[in-house]
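Trainee: I am new to this structure and would like a close look at one part, the ligand and its surroundings. Please take me through what lies around the ligand and where it sits.

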Amino acid sequence: MVLALVEHEAGVPEDSSLEMLTLARGVAEETDEPLTAVVVGAEAAGVADDLGTYGVETVYVVDHERLDDYAPVAWATSVDQLAADLDPDAVVAPGSTRGHEVLAHVAARREQSMAANCIEVTTGEEYELTRQRWGGTLLEEARLGGDTKLLTAAAHEVSAEPADSPTEPAVESFDPSLDEEAFEVRVTRHEASDVEGVPLGEARVVVGGGRGVGGPDGYDQLEELADLLGGAVGASRAAVNEGWRPHDDQVGQTGAKISPKLYVACGISGAVQHMVGCKGAENILAINTDPEAAIIQKARWAVVGDLHEVVPELNESIRSA
Ligand code: FAD
């Protein structure tokens with residue numbers, strides 16, 4: 001059996017979990033084993049129908065009154081106890097913050113390795129894996145041992161493909177044994193960020209501003225450009241660290257991954273950690289005073305100049321077009 005940890009929002013599976021299920025199904029098919037899912041949290045039972053589309057045969061719903069909100073140790077204990085009962089060949093989780101955290105806890109409890117961010121898996125006594133390192137800028141060939149292999153699927157690398165033969169999964173309830181310590185770290189409050197306009201991850205045009213913008217007011221021109229092009233504003237970590245933009249705007253390894261048709265990078269040097277977040281952009285237009293800036297090499301078009309002059313001119317010419 002392959003046991004897959006599925007994350008969901010109010011009973012709707014997360015995209016990264018559907019991608020992970022596609023990878024996990026490949027592992028299950030290769031080993032001729034059934035694909036089983038475990039879901040945790042409020043409304044978890046609602047995901048079962050969606051999971052049948054991805055070939056899941058049984059869904060275990062972790063049934064515990066205090067697990068509606070995320071608590072990493074409690075989640076990991078539940079997954080570990082279920083895995084101890086079911087003895088799967090592999091436990092697979094999505095390459096999300098939670099997926100990595102939960103599986104790392106499971107691995108630590110079992111004193112064994114886990115492989116994060118896998119994009120290809122060949123099964124055997126040891127699994128042969130291709131996995132991402134350094135935010136996806138490096139691919140590594142690795143081998144993974146252990147009686148139960150523990151791995152996460154890299155987010156947005158395997159496309160979510162429904163199974164050729166959908167299933168009608170059986171739904172089972174699993175009641176973990178959890179003590180108070182399991183809830184020492186837990187989510188206690190949800191706060192929605194008030195994102196206006198087009199969400200960064202879905203925008204077809206993103207206008208990004210870095211340290212070169214010089215301060216929060218400098219973003220007014222970038223906002224205007226984004227509005228004129230029907231896009232969203234992003235930022236580098238340097239700008240976010242300065243407090244010029246909220247963290248939700250950050251593009252990069254520790255921020256949003258964007259895949260617009262056009263990324264206009266203004267006053268951004270093009271550090272590798274930033275490029276990891278915008279490598280999905282079809283086209284990059286860089287505006288930078290430094291002709292040697294790394295972003296210029298990676299851009300399709302570049303304007304070497306001061307963004308405080310170039311962006312207003314761009315806005316003016318779009319407005320009068
Ligand atoms: P700088 O590197 O200082 O570049 C500023 C650029 O603006 C320069 O190229 C300069 O020539 C240009 N400029 C200056 N004035 C003007 C002007 N008037 N007009 C036009 N151009 C001008 N960074 C991210 O962005 N996202 C991440 O998710 C991220 N994650 C990280 C994770 C780790 C573990 C680490 C170690 C770093 C991470 N970083 C991340 C930071 C990253 O390494 C860089 O430090 C950061 O991206 C630099 O931001 P910047 O390009 O805005 O600033």
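Mentor: A polar contact here is a pair of N or O atoms within 3.5 Å. By that cut-off, a nitrogen atom of the ligand pairs with a backbone N or O atom of Thr289, at 3.3 Å. The model is a predicted one, and the distances are computed from it. Side chains also take part. In Arg211, an N or O atom of the side chain lies 2.7 Å from an oxygen atom of the ligand. Gln250 places a polar side-chain atom 3.0 Å from a ligand oxygen atom. On its own the ligand has 990 Å² of accessible area, and the protein covers 74% of it.

Now the shell as a whole. The ligand is surrounded by 27 residues, and the closest are Arg211, Ser236, Thr254, Ser269 and Asn288. By class, the shell holds 16 polar, 7 nonpolar and 4 charged residues.

Next comes the site. The ligand sits in the second largest pocket. Two or more residues of the shell around the ligand come from each of these elements: helix H6 (237-241), helix H7 (272-278), strand E15 (283-288) and helix H9 (307-319).

The pocket itself can be described in a similar way. The second largest pocket holds about 270 Å³ of space. Its lining consists of 17 residues, and those nearest the pocket centre are Ser236, Arg237, Ala238, Ala271 and His274. The elements that give two or more residues to this lining are H6 and H7. The lining divides into 11 polar, 4 nonpolar and 2 charged residues. Ser236 appears both among the residues closest to the ligand and among those nearest the centre of the pocket.

Terms used
Residues are numbered from 1 along each chain as its sequence is written. This is a predicted model: local features need pLDDT of at least 70, side-chain atom pairs count only at pLDDT 80 or more; totals for chains, interfaces and linings use all residues. Side-chain values use heavy atoms; hydrogens and water are left out. A residue is near a molecule or strand if one of its heavy atoms lies within 4 Å of it. A polar contact is a pair of N or O atoms within 3.5 Å; within protein, one must be able to donate a hydrogen and the other to accept it, and residues adjacent in sequence count only if both atoms are side-chain atoms. Accessible areas come from the Shrake-Rupley method with a 1.4 Å probe; for residues, only the protein chains shown count as cover. On a 1 Å grid over the protein atoms alone, a cavity is a set of points where a 1.4 Å probe fits but cannot get out, and a pocket is an open set with protein on both sides within 12 Å along at least five of seven lines; lining residues have an atom within 4 Å of a point. A molecule sits in a cavity or pocket if more than half of its atoms lie within 2 Å of its grid points. Helices (H or I, at least four residues) and strands (E, at least two) are DSSP runs, numbered from the N terminus. Ala, Val, Leu, Ile, Met, Phe, Trp, Tyr, Cys and Pro count as nonpolar, Asp, Glu, Lys and Arg as charged, and the others, Gly among them, as polar. Grid points are joined across faces, edges and corners, and a volume is the space filled by probe spheres set on the points.
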